[in-house]
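User: I'd like to go through the packing in this one and hear what sits behind each label. Can you take me through it?

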Amino acid sequence: MYEAIKELRYHQTGSDPLSGIRHASGDYCNILQVVEGNGSMVMNNRLFPLASGNIFLINAGCVHSTSPKYADRYTRNKIIIGKHCLRELLAANGAEDLFAAFFEKDLGGCYTLPGTAAVEIDRMFAEMAADSAGGRYSELLLRANVMKILYMIAARAGKGVGQTNEKVSGVLFYIDRNFTSPLTLDTISDDTHISKYYLSRLFRAYTGMSVVEYITERRISLARELLANTDSSVADIAGEAGFDSISYFCHTFRRYEGLSPLVFRKKSRETQRAAADG
């Protein structure tokens, strides 16, 4: 089964390389447990809270992205495992029917765990990470722990968070297509034909954040990507990400990341070089 594991992380801290970028995982499913931090997770135009105590089960074709509010305070456990291997594991344990709907569509789910369950799953991730050398014992341990985690998710399936709302999904789609342009609550209200007062209340009720906070998170996520992967100037990146002034961009970026844009770029490049050197 280890050959079917693309990635296994325990208490990984910092933003994901694809943070803020909508992507799917090909033939792999993702189990992600948030240990610490807050922010948002978008899955197929549905917004979920990226918060301690939540665990995400993300199907292979589910388009998703994470946007932690403070990258240096975002800690998670995750395992990325082949979809076919996961289905075989469930079938071997007579549990495939529990996840039939999950596999029939490119779904993603977010579940809130009670404290005892969260601690137990964290322990299982630590155990798997410590014993990743392979071999028969490791194989059995991995299978047992992944199944335990899936059973615990299934037990919470009726208590998912971040419920679907067509109006909110439409607003999310609109913002994601336009956040690099000047956007105001009035503009969004006019273009989506929703009263701005109703829109404000509805958006916060379903996402846990204001419309302006979500727009800012999307802009900061794009800025992080551009700083890490391009040589564009800070002024150009500010404009490309939708900020109307470089001073406001720098102030907001420091508030979210705890670093200036240039220091963030330097640290990102150092991390990339270290990873390339093995």
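**Helix packing and cores**

Analyst: Sure, let's start with a helix pair: the axes of α5 and α8 come within 10 Å and cross at roughly 40°. Keep in mind that this is a predicted model, where local features need pLDDT of at least 70 and side-chain atom pairs count only at pLDDT 80 or more, while totals for chains, interfaces and linings use all residues. Residues are numbered from 1 along each chain as its sequence is written, and side-chain values use heavy atoms, with hydrogens and water left out.

User: Why is α5 called oblique to α8?

Analyst: Angles under 35 degrees count as roughly parallel, over 145 as roughly antiparallel, 65 to 115 as roughly perpendicular, and the rest as oblique. The angle here is roughly 40°, so α5 is oblique to α8.

User: Which residues meet where α5 packs on α8?

Analyst: Leu-172, Ile-175 and Asp-176 come from α5, and Val-211, Tyr-214, Ile-215 and Arg-218 from α8. By type, that contact has 5 nonpolar, no polar and 2 charged residues. For those classes, Ala, Val, Leu, Ile, Met, Phe, Trp, Tyr, Cys and Pro are nonpolar, Asp, Glu, Lys and Arg charged, and the others, Gly among them, polar.

User: And what makes α8 roughly perpendicular to α10?

Analyst: Their axes are 11 Å apart and the angle is about 90°. That value falls in the 65 to 115 range, so α8 counts as roughly perpendicular to α10. On the α10 side, Phe-249, Thr-252, Phe-253, Tyr-256 and Glu-257 make the contact. The contact of α8 with α10 divides into 6 nonpolar, 2 polar and 4 charged residues.

User: How do you know that Met-124 is buried?

Analyst: Buried means under 20% relative accessible area, exposed over 50% and partly exposed in between (1.4 Å probe, protein chains only). Met-124 has 0% relative accessibility, so it counts as buried. This residue is found in helix α3, residues 115–130.

User: What is Met-124 in contact with, beyond its neighbours within four places in sequence?

Analyst: Asn-145, Lys-148, Ile-149 and Met-152; contact means heavy atoms within 4.5 Å. Lys-148 is 24 residues from Met-124 in sequence, yet their C-alpha atoms are 8.8 Å apart.

User: Which residues touch the most other members of the largest nonpolar core?

Analyst: Ile-175, Ile-188, Phe-203, Tyr-214 and Phe-249, out of 32 residues. A nonpolar core is a set of buried Ala, Val, Leu, Ile, Met, Phe, Trp, Tyr and Cys residues joined through side-chain atoms within 4.5 Å. α8 gives the most to this core, with 8 residues.

Definitions and conventions. Helix = DSSP H or I, 4+ residues; strand = E, 2+ residues; numbered from the N terminus. Axes fitted to C-alpha atoms, helices over the stretch in contact; angles between N-to-C directions.
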